[in-house]
Each structure stands twice: as structure tokens, then as C-alpha cells.
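Colleague: Please take a close look at the packed interior of this model. A connected account for a first-year student would be most useful.

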Amino acid sequence: MVRCNKCREEAAADAPQLCRKHFMDYVEDTIHNTIASRCLFSRDDRIGVGCSGGKDSTVLLSVLMKLGYNVTALAVDEGIAGYRDASLASLKEYCASNRLPLKTLSFAEVSGITLDAHAAVKKPACTGCGKMRRHLLNRLGHGFDAVAVGHNLDDEAQGILMNLLRNQIAKLSATGPVAGITEVAGFVRRVKPLYFVTEKQVMAYAVLIGLPVSFDECPYARYSYRAQVRDALNDLEAVQAGAKRRIVEWFMRVKPKLMEAMKKEAGAPISADQVSEFLRASGVNA
Ligand code: SF4
């Protein structure tokens with residue numbers, strides 16, 4: 001029998017190898033430490049949680065509730081038949097059974113067209129969808145002190161690599177546990193409490209507490225650039241365990257210098273030499 005590293009009871013998870021109770025404590029403590037150490041929000045704040053009915057956002061909602069934060073679920077319905085309607089039905093049920101407020105907004109309400117209709121004429125769907133989702137989530141988030149989204153460590157490692165591979169340094173510097181470089185009028189603060197929790201840990205937590213979540217993937221995801229980077233990173237992780245975490249840790253070391261430089265550059269493109277200089281100044285061998 002595989003045993004918990006802390007209490008020697010039977011292990012329920014393998015990364016880290018812990019029993020059910022200690023694994024849940026580990027995930028909740030990691031989220032709590034991220035919120036506290038990165039000053040994401042406080043218990044006096046009103047938090048909108050971007051929810052899809054999937055595992056990440058539902059785990060986030062559940063843990064924030066358990067930790068005593070004042071949360072409201074915010075959901076964007078892109079209009080993806082057979083996928084989003086099913087996950088939002090689970091989310092509605094979950095919110096109703098936990099007496100949680102839920103606000104929704106759909107692509108069709110705002111633009112008159114569903115993502116399915118858009119994708120039928122314009123592929124790939126993800127680029128336009130991502131921008132529209134962020135816009136609608138921001139609209140739903142007006143009046144809240146912050147909008148928390150369920151991006152996990154795997155998502156962030158993918159985002160960092162995507163921006164590096166495209167040489168999008170301004171976009172890269174704007175990612176992190178708090179999105180953006182400076183506060184912009186009209187944009188609600190967007191924060192990521194799951195930043196240091198891996199996808200595998202989120203899945204294990206959802207299964208262990210029996211959350212009614214959908215593990216299905218969006219039917220358009222496989223056409224995206226993110227899916228290519230995700231698959232490549234998963235291959236790398238299989239031979240270099242911890243590669244994703246090291247990418248995120250590397251980024252957290254260089255981010256302050258990148259942000260400083262981006263504020264000065266005010267969004268202008270920067271050269272490869274400047275990037276090398278930022279990395280050197282951050283003590284990282286490029
Ligand atoms: S995978 Fe692409 S199309 Fe599907 S919800 Fe995400 S961004 Fe939208």
C-alpha cells in the first residue's frame with residue numbers, strides 16, 4: 001500500500017503523496033498562500049469567480065467558499081452546443097445547492113452570434129473566443145473588487161511558453177498571479193489563486209471531494225496553438241519531471257524586471273538584445 005508522507009495512512013494522491021485529508025489541506029494551503037503572499041484580495045473584498053462548470057473554476061469556487069471569501073460565480077456562455085450548455089447546467093446546480101449567486105452573460109446576448117455560428121465561417125475559434133470571453137467576464141465583474149479565474153500552473157506554463165515562442169514580451173510580462181502591468185480604468189483586477197496548483201492536483205481534488213464537474217474538453221481546443229504547446233509540454237514533463245513548475249518559477253524571477261521595462265517602453269516592441277539584458281539583470285542565464 002502506498003502511504004501518506006505525513007501520517008502513513010493510505011495515500012489518495014501521488015503528487016505529493018498524501019492521504020485525502022492531507023492532500024486537501026495541501027491544495028487549500030497552496031491557494032491560501034498564493035492569495036496572501038501575492039495580495040490578491042482580502043476577506044472584506046467582493047470576489048467574482050469566472051466559472052465554466054469545469055474542474056478548475058469549480059475547485060476554485062469551492063475552496064474560496066471553504067476559506068470564507070465572499071464569492072459570486074460569473075459565467076460566460078460562448079454558445080458551444082453539447083459542451084458549454086452541459087457544463088453550465090452543472091454549474092447552475094452546484095450554485096443552487098450551495099446558495100451561491102450566479103451571474104451569466106452570453107456571446108449571443110452581446111454580439112447576436114454564438115461561437116458555433118462564428119466558427120462555422122471563421123476558424124480557428126479560440127483567438128476571437130478568448131478575447132470575447134475576457135471582455136464579457138470583465139463586464140460581469142464590474143462592481144467586484146477582483147475577478148478570480150481558475151488558471152492552474154499547467155495553463156500558466158503553456159501561456160509563458162506561447163508568449164516566448166511568439167516573442168510577445170509585453171504580453172508575457174502582463175501574465176502572472178495578477179494579470180496586467182498597471183491598473184487600467186474600466187478593467188477589473190484579474191487574479192489567479194490556482195497559479196501554483198498543477199492541473200493534476202486540481203483534478204485529484206475535484207475527484208476526492210466529488211465535485212459535479214465536467215472533464216470534457218472544448219471541441220475547438222484541439223485546433224488551437226495552445227493545444228500544440230500543451231502537448232509538447234506534457235511530452236517534456238514526462239521525461240523532465242517538474243519542467244512546467246520550473247518554467248513558472250523562472251518566469252516569476254524575471255517578471256519584475258520585464259514589468260519595469262515594459263512600463264518604460266509603454267507597449268513598444270522590444271528587441272532580442274533588450275530581452276537578453278532583462279534576463280541577465282534578473283540573474284538568469286538566457
Ligand atoms: S478552447 Fe477555444 S473555443 Fe473553446 S472555450 Fe476555450 S478559447 Fe473558446
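Modeller: Two residues are in contact if their C-beta atoms, placed from the backbone, lie within 7 Å. The model is predicted: local features need pLDDT of at least 70, side-chain atom pairs count only at pLDDT 80 or more, and totals for chains, interfaces and linings use all residues. Residues are numbered from 1 along each chain as its sequence is written.

A suitable starting point is Ile31, which belongs to helix 1; helices (H or I, at least four residues) and strands (E, at least two) are DSSP runs numbered from the N terminus. Ile31 counts as buried because it has 24 C-beta neighbours inside 10 Å. The cut-offs are 20 or more other C-beta atoms within 10 Å for buried and 12 or fewer for exposed, with partly exposed in between; C-beta atoms are placed from the backbone. When residues up to four places away in sequence are not counted, Ile31 touches Val63, Pro193, Leu194 and Val197. By contrast with these contacts, the C-alpha atoms of Ile31 and Ser106 are separated by 29 Å, and the two residues are 75 apart along the chain.

Val63 leads to helix 2, where Val63 is one of the buried residues. Helix 2 covers residues 55–66, and its 12 residues should span 16 Å at 1.5 Å a residue (the expected span is 1.5 Å times one less than the number of residues). The end C-alpha atoms of helix 2 are indeed 16 Å apart, so the two values agree. Helix 2 is mostly covered, for 10 of its 12 residues are buried. They are Lys55, Asp56, Ser57, Thr58, Val59, Leu60, Leu61, Ser62, Val63 and Leu64.

What do the buried residues of helix 2 pack against? Their partners are helix 1, strand 3, strand 4 (70–77), helix 3, strand 6 (146–148) and helix 9 (199–208). Leu60 illustrates this packing in detail: leaving aside its neighbours within four places in sequence, Leu60 is in contact with Val49, Ala148, Gly150, Pro193 and Leu194. After helix 2 comes Gly68, whose phi is positive, near 90°.

The largest nonpolar core has 54 residues; such a core is a set of buried Ala, Val, Leu, Ile, Met, Phe, Trp, Tyr and Cys residues joined through C-beta atoms within 7 Å. Ile47, Val49, Leu60, Leu64, Leu74, Ala146 and Ala148 have the most contacts inside this core. Another core, of 8 residues, lies apart from it and includes Tyr83, Phe107, Ala119 and Cys129.

Several loops provide a contrast to this interior. Cys39 lies in the loop between helix 1 (20–37) and strand 3 (46–51). Cys39 counts as exposed, because it has 10 C-beta neighbours inside 10 Å. Its phi is near 50°, a positive value in a residue other than glycine. Arg99, in the loop between helix 3 (84–97) and strand 5 (102–106), likewise has a positive phi, near 50°. Arg99 is exposed because 6 other C-beta atoms lie within 10 Å. In the loop between strand 1 (13–14) and strand 2 (17–18) one finds Pro16. A cis peptide bond joins Ala15 to Pro16, with omega about 0°.

Finally, helix 11 (residues 243–265) also holds buried residues, namely Lys244, Ile247, Phe251, Val254, Lys255, Leu258 and Met262. Its 23 residues should span 33 Å at 1.5 Å a residue, and its end C-alpha atoms are 31 Å apart, which agrees.
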